[in-house]
Amino acid sequence: MKPLAWIGVAALAAVPLTGIGNYPLHLIIMCLLWAYVYTSWSIMGRLGLVSLGHGAFLGIGAYTVVMLWNHYGFSPWLGAPLAVLLSLAAALLIGLPCFRFRIVGHYFALVTLALSEVTRLVIVALRDHTGGSLGATPNTALAQGNTWSLDALQFSDKRVWFYVILAFWLAGLWIWARLDRSMTRLALDAITHEEDAAASVGINVTRSKLFVTLVSAGMTSVGGVLYAQYQLYINPETVSGIGISLQMVFGAIAGGMFVMLGPTVGAVFTLLLQEGLRLALGDAFKQFPALDLAIYGLMLVLFIIYMPKGILGAALEWRARRRATPAAAPG
Amino acid sequence: MLEVSGLTKRFGGFAAVSNVSFRLAEGEILGLIGPNGSGKSTTFNVVAGLYAPTSGSVRFLGEEIGALPPAAVCHRGIARTFQIPRPFRRLSLLENVALAAFYGRGEHPPRAKAWEMAKDALALVKLPTHPAARVDGLGAAGLKKLELARALATQPKVLLADESLGGLDEQEMEQAADMLAMIRRERGVSVVWVEHIMGALMRVVDRCIVLDHGEVIAAGKPQDVARDPRVIEVYLGTDASAVQAVTDARVA
């Protein structure tokens, strides 16, 4: 599997060298970016901490870095770490009381949902600074024929962003794999199912949950920074609030949150679905603005009922079953 | 080494435990028995850190531990089992026990060491140490053994065993009692053993305390306790034959 993975990464890295058009390259970049964000979500989601509030971390990441740049001239190199710190503080604010008072399952999901909406509402309410629901654009550093500015982290060449985001996606997978092999993962698996028993063998439940929550929130806020710097336009709906939070849950669950590449498959699937829906239902979208959300919601329910392990999870299981019983296979 | 004094635990207006005191000596197996609702499980859960006492104290090796949460109690060297086994079903047997070995003392041993400790604990209770062995195949007795292995992997000084005989048949009960005696012998742990039936327990414990309605009604050597009129009264009709059998066995 190892050499196959390297070949896959090399093939992916070679994509921009093929003279691929800007639009397909943009789609691939968005796929990788969402794959990274969904992976970040799954790091805690698969351990029983289902957050409907990751839009908050994405939004804090995106808005902190853009606001600091636009209003104070802070380079994203400084803004990004501050954005991560701020999102960690938000995660702590929500996580600590939830974990200490054993708010789990549906209740935890509801608390995080509130965090996500509060973040969106704060961004909208501070419209004098954030541009409100109209969104915000980072002041451009690309005037007078400059095609890139390292200080402002702005690059007009999509190929640069492709490699940057590819690197973060790989880093996200590495963190996943690292965590997967750790005792922390076993401990959280134990906590998910038998919290009292886990505490009774000396596992610090609050600390373990906080740890993955902080990792996941921090990673997600970096996703927000990348989104803002790549798109050079953010608005409250696309980086925070219920819509984007649900999209993360949907992507991760549809792809399969229990396998490393599941959220990535989910990102591809979500993107194809989005583009497909846009083509198929273009006019209907104008009449029913929330139609896409309704479709996501319905599909999420269907996935949870019929394919709880997601596309990749189900596919791997199917292959394992086929291998286990080769003699019984027909033909 | 473990000293409970004047322990009272109220839930609202109901005193589940009132003014219970006992002392566990090093290397001792102490039986804590009583019918359902007598307060033994509450006492047990206060010592294990699940509930904070309303009043009274729990001291372990001279340190007050009454207010500590379960994980901290475990780190001090007091491990517990659960009456209804609570295995981590998604994990293998070895992983179940390795977690206890890794986290049990607060300071983490190297991982390889934790896996070795886990294998030792599984072998001690005669469960498979193979990495692929799962929880699913275990019966009632196997799950009880897993509870013991997991508790032992935390390297405790005191083992709190919660109804290790519950749900077992006669033969399994005798084996479970022997196993606790063997664990004390092999690991040098002291044991507080909570049980609502006397049966096989009386053969193994050094001393026993009988609770009823949250109060201690008798304490002493098992054969003396079994002859105590108040204990017989409490158990009469429910477990009188067992009391009689144990009394006979001890006298003989």
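1. A residue is called buried here if 20 or more other C-beta atoms lie within 10 Å of its own. With that cut-off in hand, helix α12 of chain A in this predicted model can be described as largely enclosed by the rest of the structure, because 12 of its 15 residues are buried. The buried set includes A:I244, A:M248, A:V249, A:F250 and A:I253, and glycines are also among its members, namely A:G241, A:G251 and A:G255.

2. The length of α12(A), which covers residues 241–255, can be checked against expectation: at 1.5 Å a residue its 15 residues should span 21 Å, and since the end C-alpha atoms are 22 Å apart, the two values agree. The helix is followed by A:G256, a residue whose phi is positive, near 120°.

3. Chains A and B touch each other through a contact that takes 15 residues from chain A and 25 residues from chain B. On the chain A side, α8 (183–193) and α9 (195–200) each supply at least two residues, and the largest share, six residues, comes from α8(A). By character, the residues on this side of chain A divide into eight nonpolar, four polar and three charged.

4. In chain B, six strands form an open sheet of mixed pairing, in the order β6-β7-β8-β3-β9-β10. Its edge strands are β6 (78–80) and β10 (215–220), each of which pairs on one side only, and the twist from one strand to the next averages 15°.

5. Strand β8 of chain B, residues 190–195, deserves a separate look, as it is mostly covered, with six of its six residues buried. In a regular strand the side chains alternate between the two faces of the sheet. Accordingly, one may ask which residues of β8(B) point one way and which the other. B:S190, B:V192 and B:V194 point one way, while B:V191, B:W193 and B:E195 point the other way, and all are buried.

6. The pairing of β8(B) can be followed strand by strand. With β3 (residues 29–33) of chain B, β8(B) pairs in the parallel sense over five bridges; within this pairing B:L30 has B:V192 as its bridge partner, and B:I33 stands opposite B:E195. Strand β7 (residues 158–162) of chain B also runs parallel to β8(B), joined to it by five bridges, and here B:D162 stands opposite B:V194.

7. The connection between β7(B) and β8(B) involves a helix: together with α6 (residues 170–187) of chain B, these two strands make a right-handed β-α-β unit.

Key: Residues numbered from 1 in each chain as written. Chains lettered and ligands numbered in written order. Predicted model: local features only at pLDDT ≥ 70, side-chain atom pairs only at ≥ 80, totals over all residues. Contact = placed C-beta atoms within 7 Å. Helix = DSSP H or I, 4+ residues; strand = E, 2+ residues; numbered from the N terminus. Nonpolar A, V, L, I, M, F, W, Y, C, P; charged D, E, K, R; others polar. Expected span 1.5 Å × (residues − 1). Pairing = 2+ DSSP bridges. Right-handed = clockwise from strand over helix to strand, strands pointing away. Axes fitted to C-alpha atoms, helices over the stretch in contact; angles between N-to-C directions.
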